[in-house]
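I wanted a short record of what I looked up in this structure. My notes are kept in the order in which I made them.

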Amino acid sequence: MDILKTFLTEWLTGLAFDPVLVSLIVTVASIFGWILIGTVFHMVIKLVISRLKAKEKRMVRRQRTVTALILALIKYLFWFVMAMMVLKEFGLDLAPILASAGILGFAVGFGAQELIKDMIAGFFIIFEGAMSVGDFVEVGNFSGTVQEVGIRRTKILNWKNELRLVNNGDIKSLTNFAGRDSVGVVEFFVSAQFDLKHFTSDSFNELLASYKKYDAITELPSYQGVVDTQLHNLKLRVIFKTQNQKHYSIERDLRRDIQIFIQNIREETKTF
């Protein structure tokens, strides 16, 4: 920009223009130049964003979110610099302005520590891909499906249709169940007198093998044996694996079928 100003000054002076008019024309031309540069840069940013939208199907959610965030920060930073350059062309001293902006920023930052903490935490959650929309997560004692991951807060919806807003800065620990098979666990009790050989019999194995009818099953149910003992009861366990978060209904069905199996054995053997 200094080269342009020097060229215009020398050219207009050579044409015998009034020095005041030369100064005015050079200032207006410089301002116009900065605005032109800003407009071109803005168009480039819009072009990049439109190209990214065209490739959305090949980009994961985290990549799109982080890219859009970085581009927005670059755009706002650039326009701030443009505004400073325009003010400089008017002959204003930028040092007091920047100093005042720094003091104001410190005051605002001191009064909005929680907001800044939430935004910083939100940026790293998005950047590191800790969770994305559609993931099933547990934050504290609340679990559900992520509805929105924002810079300041995250929205989680549980199975009761309760929506919880969690400030990102308050997320101290996070469990993400997405992307992996879910483990279904069915625990049940029998009396200490019940013959455990029934759970290794062909009929019980056939019951477990029948669960291949579920498309969501990735590993058939398997009998694990006794996992706990009480005064008059034994706790037994069966586990299986399903596609992510598809195990709940199968757990209910398996629990029902095992209870029916136990009831039939009790009626046959008269053992309770």
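The entries below cover a sheet, its helices, some aromatic rings and a few backbone angles.

**Entry 1: the sheet.** I noted at the outset that this is a predicted model. I then looked up how one sheet is put together. The sheet is open and has three strands, in the order β6-β8-β7, and the pairing is antiparallel. I wrote down β6 (182-191) and β7 (217-229) as the edge strands, since each of them pairs on one side only. On average, neighbouring strands of this sheet are turned by 20° against each other, with direction ignored.

I took the pairing of β6 with β8 (residues 233-242) separately. These two strands run antiparallel and are joined over 10 bridges. Which residue of β8 is the bridge partner of Phe188? I found Leu236.

**Entry 2: helices on the sheet.** Helix α6 (residues 202-209) packs on the sheet and touches β7 and β8. I noted an angle of about 135° between the direction of α6 and that of β7. Helix α7 (residues 248-269) lies across β6, β7 and β8. For α7 and β6 the angle is about 25°.

**Entry 3: a closer look at α7.** I checked the length of this helix. α7 has 22 residues, and the distance from its first C-alpha to its last is 32 Å. That is close to the 32 Å expected at 1.5 Å a residue.

Next I looked up which residues of α7 are buried. Among them are Ile250, Leu254, Ile258, Phe261, Ile262 and Ile265. The list also includes charged-type names I had not expected to write down: Glu251, Asp253, Asp257 and Arg266. What covers the buried residues of α7? The cover includes β6, α6, β7 and β8.

**Entry 4: aromatic rings.** I searched the whole structure for aromatic pairs and have nine in my notes. One is Phe199 with Phe204, which is edge-to-face, at 5.2 Å centre to centre and 85° between the planes. Both Phe199 and Phe204 are buried. Another pair, Tyr211 with Tyr214, is stacked, with 5.2 Å centre to centre and 20° between the planes.

I stayed with Tyr211 for two more checks. Tyr211 counts as buried because its relative accessibility is 0%. The charged end of Lys213 sits over the ring of Tyr211, 5.7 Å from the ring centre.

I also looked for a cluster. Phe188, Phe194, Phe199, Phe204, Tyr223 and Phe261 form one aromatic cluster. Phe188 was already in my notes as the bridge partner of Leu236, and Phe261 as a buried residue of α7.

**Entry 5: positive phi.** I looked up residues with a positive phi. Asn161, which is not a glycine, has a phi near 70°. Asn161 lies in the loop between β3 (153-157) and β4 (163-167). Gln245 is also a residue other than glycine, and its phi is near 65°. I found Gln245 in the loop between β8 and α7. At the other end of that helix, Lys270 follows α7 and has a positive phi near 60°.

Are Asn161 and Gln245 buried or exposed? Asn161 counts as exposed because its relative accessibility is 61%, and the cut-off for exposed is over 50%. Gln245 is buried because its relative accessible area is 18%, and the cut-off for buried is under 20%.

How values were computed. Residues numbered from 1 in each chain as written. Predicted model: local features only at pLDDT ≥ 70, side-chain atom pairs only at ≥ 80, totals over all residues. Heavy atoms only, no water. Pairing = 2+ DSSP bridges. Helix = DSSP H or I, 4+ residues; strand = E, 2+ residues; numbered from the N terminus. Axes fitted to C-alpha atoms, helices over the stretch in contact; angles between N-to-C directions. Contact = heavy atoms within 4.5 Å. Phe/Tyr/Trp six-rings, centres within 6.5 Å; stacked < 30°, edge-to-face > 60°. Buried < 20%, exposed > 50% of the residue type's maximum accessible area, 1.4 Å probe, protein only. Lys NZ or Arg CZ within 6 Å of the ring centre and 35° of its normal. Expected span 1.5 Å × (residues − 1).
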